[in-house]
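Work through the exercises below with the structure in view. Each task is followed by a solution in steps.

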Amino acid sequence: MTARRKGHKPWGGRFAQATDPLVETYTASIQFDRRLYRYDIQGSIAHARMLAKCGLLAKAEADKIVTGLHEIVGEIERGEFRFDPSSEDIHMAIEGRLIEKVGEAGAKLHTGRSRNDQVVLDLRLYLREQIGLVRRLVAGLQRALIGQAKSHLDLIMPGYTHLQRAQPVLLAHHLMAYVEMLERDRARLTDVLVRVNVMPLGSGALSGVGLPIDRRFVARALQFRTLSTNSLDAVSDRDFVIESLAAFALLMAHLSRLAEEIVLWASSEFGFIELPDAFATGSSMMPQKKNPDVAELTRAKTGRVFGALVALLTVVKGLPLSYNRDLQEDKEPLFDTIDTLLLTLPAMARALATAELRPERMSEAMNEQLLATDLADYLVRRGVPFRASHEVVGRLVRRSEARGVALSELTLDAYRDEHEAFDEDVFVIFDWRTSIDARDVAGGTSGRSVDVQLAEARGRIDTARSLLG
Ligand code: ARG
């Protein structure tokens, strides 16, 4: 008997009773793991070819299987495939349909394979591709940031610590901080990829396969770098998913910080940017409102990505070796995270690329107290110890506040009153650009340093593009 009886499970041999429908519903994963169909079929084709090469399948049988599997891809993509919950998961659904189509040959496909190594293979193929997509989208967001930086190379704004105005910085320097964070996110994903890109097939259910198969053949066919080295580990760990989720969580944390700045900057209080109408939404009640919803939702969606990471760490932490059904719970958090990123990254890139900066609001936010450190540095250049000059400038700030005037409006006498090292040339420091360009250390906010950052970032992104195609 080759064709499967309706409702009969591939594992039905030792069961006298049919599965309770509630159990079927509770244990089924086909509602969500169907999105793995392409990878499942890709893996099965490589597996079938290998079985034929090793003499475990006749060439004609392998051909029938491969043709059948290609047809099934078509059926799924045209929406003709019936995803029946009684099939439990995508692996059994596809295998069942294959047996229906090609009979006996189809029933041989699962030779030397278990769903336990099959599902890991599918997940690794899926994740490998998605990581590539995410990396490219991150580069797109970096380009949007670089684009804004390049269009406003001379724009100066207050830099903040504790959300208090602190020192002048170039807007481009501020934006490039995010480009750097995102660069590390891309690097982390590249690193994770090395451990995702491992071929698990041949691990069988848990102990390996007792037939003369060729694991290297499958690895080559599917372009895997390496083979898994321990079958128990290969079917039962999901650390490659967890570390991907950790890298994604960190990426979302960075996006969330950027989103928070967009929310702040779009407020009337800051007014540093104006979001284009196409990227904001209104209020159904307050006619004047224009809300930065894309940024707000990015900030909020970060929660579900963190949640996915914690969910999967928790699933894995108490599992004895080797495979346990608990591991089926790895997929929804991962899929949800990928879906979130594939929407969030382009939305944020567009929001940033189209945001209109408002230089006049940035310059209104500047005040001379931002130059207090420059004033202290002036004394340091004249040999005054920094701690002493800090104290002197603190007193000058107090004086200017008491008189209700700006620092540059205090007289030279007032300055000399506090320290005799002050000279007429002290007033030269009251120039934003002088302050900016003084910070000419590597990584500082000077125009030259920011030019270097821009050139290096562009270079890295372009190299990545040419390597990945
Ligand atoms: N649907 C299962 C999963 O996602 C596939 C492996 C099931 N293996 C088993 N022996 N029940 O993990």
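The exercises cover the ligand, some helix pairs and two backbone features.

The model is predicted, with local features needing pLDDT of at least 70 and side-chain atom pairs counting only at pLDDT 80 or more, while totals for chains, interfaces and linings use all residues. Residues are numbered from 1 along each chain as its sequence is written, and side-chain values use heavy atoms, with hydrogens and water left out.

**Exercise 1.** Determine which residues surround the ligand and how they divide by character.

Solution. Step one: a residue is near a molecule if one of its heavy atoms lies within 4 Å of it. The ligand's surroundings consist of Ser29, Asp89, Arg115, Asn116, Val119, Tyr323, Arg325, Gln328 and Lys331.

Step two: sort them, taking Ala, Val, Leu, Ile, Met, Phe, Trp, Tyr, Cys and Pro as nonpolar, Asp, Glu, Lys and Arg as charged, and the others, Gly among them, as polar. The shell has two nonpolar, three polar and four charged residues.

Step three: find the largest contributor. Helix α7 (residues 115–151) supplies the largest share, three residues. Helices here are DSSP runs (H or I, at least four residues), numbered from the N terminus.

**Exercise 2.** Find the polar contacts of the ligand with Ser29, Asp89 and Tyr323.

Solution. Step one: the cut-off for a polar contact is a pair of N or O atoms within 3.5 Å. Step two: list the distances.
- Tyr323 has a side-chain N or O atom 2.5 Å from an oxygen atom of the ligand.
- Asp89 has a side-chain N or O atom 3.0 Å from a nitrogen atom of the ligand.
- Ser29 places a polar side-chain atom 3.4 Å from a ligand nitrogen atom.

Step three: the ligand taken alone exposes 340 Å², of which the protein buries 86%. These areas come from the Shrake-Rupley method with a 1.4 Å probe.

**Exercise 3.** Classify how α8 and α11 are oriented to each other.

Solution. Step one: axes are lines fitted to C-alpha atoms over the stretch in contact, and angles run from 0 to 180 degrees between N-to-C directions. Helix α8 (residues 171–196) and helix α11 (residues 239–265) have axes that come within 8 Å and cross at roughly 165°.

Step two: angles under 35 degrees count as roughly parallel, over 145 as roughly antiparallel, 65 to 115 as roughly perpendicular and the rest as oblique. The pair α8 and α11 is therefore roughly antiparallel.

Step three: the contact of α8 with α11 has 15 nonpolar, three polar and six charged residues.

**Exercise 4.** Classify the packing of α4 and α5, then locate Glu88 and Ser322.

Solution. Step one: α4 and α5 pack at about 120°, with axes 10 Å apart, so α4 is oblique to α5.

Step two: Glu88 is in the loop between α4 (59–77) and α5. Glu88 has a positive phi of about 70°, although it is not a glycine.

Step three: Ser322 sits in the loop between α12 (293–317) and α13 (331–354). A cis peptide bond, with omega about 0°, joins Leu321 to Ser322.

Terms used:
Helix = DSSP H or I, 4+ residues; strand = E, 2+ residues; numbered from the N terminus. Polar contact = N/O pair within 3.5 Å; in protein donor to acceptor, adjacent residues only side chain to side chain.
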